[in-house]
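Below is a walk through one protein chain, from its overall make-up to a few individual residues. Keep the sequence and the 3D view at hand while reading.

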Amino acid sequence: MRKAEEDQLVVMVDGSNQDMQLHNSEAVQVMNVAIWCLQSDYKRRPSMSDVVKVLEGNLDVEADLDYTLHNPTTIAATIREAEQGTTTLILPSYLSGPR
């Protein structure tokens, strides 16, 4: 999260892998797409067609991404509680919204 906010995702690319170093800009682009797909607010997540367009180079990743990624364990526990009826409704931000 910190590296993304500081625009330093490139330092996360495996330095010992020569192929990764040759294609580090593509690796950073894929990391940005992944962050975009994991937005807390499902309305800010891209459609699959937008993801394809980004990977093809025809669209840029949305600016101003939220780098606060939720812990999957916490999300799974919330979903489990909702299924058991021990909590209130699940917020849409925990679920993939309609497309």
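Among the contacts in the chain between residues at least 6 apart in sequence, 43% join residues at least 24 apart. The model is predicted. The chain has 5 helices and 0 strands, so in the order of the sequence the pattern reads α-α-α-α-α. Of the 99 residues in the chain, 19% are buried. The accessible surface of the chain comes to about 7200 Å², and carbon and sulfur atoms account for 53% of that surface.

A good place to begin a closer look is tryptophan 36. This residue lies in helix α3. Tryptophan 36 counts as buried because its relative accessibility is 5%, under the 20% limit for that class. What does tryptophan 36 touch, not counting residues up to four places away in sequence? The list consists of Arg44, Arg45, Pro46, Asp50, Val54, Leu59, Asp60, Val61, Glu62 and Leu65. With one of these residues there is also a polar link: the side chains of tryptophan 36 and glutamate 62 are joined by a polar contact of 3.4 Å. Further along the chain, tyrosine 67 is 31 residues away from tryptophan 36 in sequence, and the C-alpha atoms of the two are separated by 8.7 Å.

Glutamate 62 leads on to the charged residues. Side chains of opposite charge can pair when their charged atoms come close. A search of the whole structure finds 1 salt bridge. Glutamate 62 forms a salt bridge with arginine 44, and the closest N and O atoms of the pair are 2.8 Å apart. Because glutamate 62 is in the loop between α4 and α5 (72-84) and arginine 44 is in the loop between α3 and α4, the pair ties together parts that are 18 residues apart in sequence. Both partners are in the middle class of accessibility: glutamate 62 counts as partly exposed at 30% relative accessibility, and arginine 44 counts as partly exposed at 25%. Glutamate 62 thus has a salt bridge to arginine 44 and a polar contact with tryptophan 36, while arginine 44 is also among the residues that tryptophan 36 touches.

Next in sequence comes arginine 45, placed in the loop between α3 (24-37) and α4 (48-56). Arginine 45 is buried and has no salt bridge. Why does arginine 45 have no salt bridge? The nearest side chain of opposite charge, that of aspartate 41, is 7.2 Å away, whereas a salt bridge needs a side-chain nitrogen of Lys or Arg within 4 Å of a carboxyl oxygen of Asp or Glu. A polar atom of the arginine 45 side chain does lie 2.7 Å from the backbone oxygen of glutamine 39.

Helix α4 contains valine 52. Valine 52 counts as partly exposed because its relative accessibility is 39%. Computed along the sequence by position, valine 52 and valine 33 are 19 residues apart, and from C-alpha to C-alpha they are 9.9 Å apart in space.

The early part of the chain offers a view of the surface. Methionine 12 is found in the loop between α1 (2-5) and α2 (18-22), and it counts as exposed because its relative accessibility is 53%. Together with Val10 and Val11, Met12 forms a nonpolar patch on the surface, and the accessible area of the three comes to about 270 Å². A second methionine, methionine 20, is found in helix α2. Methionine 20 is partly exposed, with a relative accessible area of 33%. Leaving aside neighbours within four places in sequence, methionine 20 is in contact with Val13, Asp14 and Ala27.

Two aspartates remain, each with a backbone angle to note. Aspartate 7 is found in the loop between α1 and α2. Its phi is near 55 degrees, a positive value in a residue other than glycine. Aspartate 64 is found in the loop between α4 and α5, and it has a positive phi of about 60 degrees although it is not a glycine. Are these aspartates buried or exposed? Aspartate 7 counts as exposed because its relative accessibility is 67%, and aspartate 64 counts as exposed at 67% relative accessibility.

Terms used. Residues numbered from 1 in each chain as written. Predicted model: local features only at pLDDT ≥ 70, side-chain atom pairs only at ≥ 80, totals over all residues. Heavy atoms only, no water. Patch = residues over 30% accessible without salt bridge, like charges linked within 9 Å, V, L, I, M, F, W, Y side chains within 5 Å. Areas by Shrake-Rupley, 256 points an atom, 1.4 Å probe, with all protein chains shown as cover. Helix = DSSP H or I, 4+ residues; strand = E, 2+ residues; numbered from the N terminus. Buried < 20%, exposed > 50% of the residue type's maximum accessible area, 1.4 Å probe, protein only. Lys, Arg positive; Asp, Glu negative; His and termini not counted. Polar contact = N/O pair within 3.5 Å; in protein donor to acceptor, adjacent residues only side chain to side chain. Contact = heavy atoms within 4.5 Å.
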